[in-house]
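I opened this entry to keep a record of what I looked up, step by step. I begin with the terms and then turn to the ligand and the chain.

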Amino acid sequence: MTIQENVKLAPYTTFKIGGPADFFCSVTSEDDVREAVEYAREKKIPFFVVGGGSNLLISDKGFRGLVILNEMKGVKYEKVNSKKEKEDKKEAGGIVSAAAGESWDGFVEYAVSQGFSGLENLSSIPGTVGASAVQNLGAYGVTAGQFIHAVRAFDTREMKFVELSNADCDFEYRDSVFKHEKGRYVITGVDFKLEKGGKVNIEYKDLKEYFAGKKINAPTPREVREAVISIRANKLPDWKLWGTAGSFFKNPVISAQEYASLKEKYPGLPGFPEAGGKVKLALAWILDNICHAKGMMNGNVGTYEKQALVFVAKPGATAAEVVGLAQELMKRVKDATGVTIEGEVERVN
Ligand code: NAP
């Protein structure tokens with residue numbers, strides 16, 4: 001493993017923004033991970049891990065520490081047939097393990113091609129397998145956490161490799177222990193428990209409409225994957241043309257009471273029931289219909305013309321411009337609705 005110095009970080013993020021890291025290395029094995037963390041410890045410098053860089057906003061000044069690029073690769077499948085599954089003559093499911101640096105979408109394609117169901121709604125999302133656990137990746141009513149069996153990681157507090165069960169990961173809406181205990185774990189691999197022949201989830205409106213238009217009643221995971229790829233291609237910016245990190249904010253979750261009073265003021269406001277009687281708001285709708293911020297540009301950065309929750313950045317955009325836009329939108333939402341919104345994108349200063 002080689003440590004490089006003064007490496008520009010912008011090319012390692014999908015925002016294509018970010019100054020240099022003082023130190024930078026790529027890791028391809030667990031030994032590399034340990035070595036990189038020990039290097040940062042000895043030098044008494046902070047470190048952080050980058051996967052696909054698709055949920056990251058790095059400061060224009062860069063990072064005064066070590067950036068560890070996770071390029072660990074490999075996928076393996078272990079068939080597990082429970083007694084009950086055998087009795088029911090159900091097809092075997094199993095544990096599919098992927099190294100943290102594997103491309104997320106490549107992994108979803110592998111799962112679908114092997115006949116597994118579950119992950120197809122998470123198609124076409126950039127980033128790595130490791131990041132799917134950090135963020136509890138979610139789209140179209142499915143989250144990665146629903147299928148994660150265990151996560152293997154280097155615990156930098158105890159300086160040893162550990163395995164976290166699904167419960168240990170504390171998965172919540174776009175959230176996990178890896179966010180709560182930021183910097184503690186370097187994820188090296190994720191085990192998914194997947195089934196063959198399970199039911200697909202096409203509850204979201206765009207998916208329902210897609211299949212209704214094609215007159216398909218019971219789509220296969222492959223068909224759902226194709227639908228998601230097509231819907232996302234029409235609704236989200238082309239990552240090759242724009243700098244972007246996808247949704248910049250999380251959808252806020254508020255009490256049913258707050259929702260009822262907002263609904264009086266804004267009758268069209270969509271709300272979706274959440275655990276504990278709470279309601280999740282569609283922030284894209286608020287930004288579009290209340291704040292009139294869809295497609296707005298502030299200098300080199302703006303919100304995407306087809307999806308206001310997604311920020312887009314022109315070449316030459318700075319992190320300061322992105323933060324300025326985020327603050328402006330947070331204020332507009334707060335003033336109009338009283339709701340405080342939070343970023344989904346991880347910020348590195
Ligand atoms: P959409 O279908 O237009 O829906 C707008 C919002 O309403 C979504 O954010 C979604 O929340 C919520 N929603 C819609 N139908 C729902 C239902 N049946 N039950 C519960 N919540 C519902 O959203 P979109 O912008 O086209 O995005 C589609 C999916 O892709 C969403 O799940 C979104 O999160 C995901 N996505 C993720 C990123 C990213 O960067 N992470 C970027 C774009 C889209 P949820 O967001 O909680 O699902």
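Before anything else I noted that the domain bounds I use come from an automatic or database domain assignment, and that the model in front of me is a predicted one.

**Entry on the site.** I asked where the ligand lies with respect to the domains. I found that domain 2 (75-234) and domain 3 (238-348) both give residues to the shell around the ligand, so the ligand lies between these two domains. I then looked up which elements contribute, and noted that strand S9 (138-139) and helix H7 (221-235) each supply at least two residues of that shell.

**Entry on the shell.** I recorded 18 residues around the ligand, of which Tyr173, Tyr204, Lys235, Lys280 and Gln307 come nearest. Sorted by character, the shell residues divide into seven nonpolar, five polar and six charged.

**Entry on polar contacts.** I looked up Lys235 again, and found an N or O atom of its side chain 2.7 Å from an oxygen atom of the ligand. For Ser247 I noted a backbone N or O atom that lies 2.9 Å from a ligand oxygen atom, while for Glu344 a side-chain N or O atom is 3.1 Å from a nitrogen atom of the ligand. I added that the protein covers 82% of the 800 Å² of accessible area that the ligand has on its own.

**Entry on the whole chain.** I counted ten helices and 20 strands in the protein chain. The radius of gyration is 21 Å, close to the 20 Å that the globule rule gives for 349 residues, so the chain is as compact as a globular protein of that length. Last, I noted that buried residues make up 50% of the 349 residues.

Definitions and conventions. Residues numbered from 1 in each chain as written. Predicted model: local features only at pLDDT ≥ 70, side-chain atom pairs only at ≥ 80, totals over all residues. Heavy atoms only, no water. Near = heavy atom within 4 Å. Polar contact = N/O pair within 3.5 Å; in protein donor to acceptor, adjacent residues only side chain to side chain. Areas by Shrake-Rupley, 256 points an atom, 1.4 Å probe, with all protein chains shown as cover. Helix = DSSP H or I, 4+ residues; strand = E, 2+ residues; numbered from the N terminus. Nonpolar A, V, L, I, M, F, W, Y, C, P; charged D, E, K, R; others polar. Rg over C-alpha atoms; globule rule 2.2 N^0.38 Å. Buried < 20%, exposed > 50% of the residue type's maximum accessible area, 1.4 Å probe, protein only.
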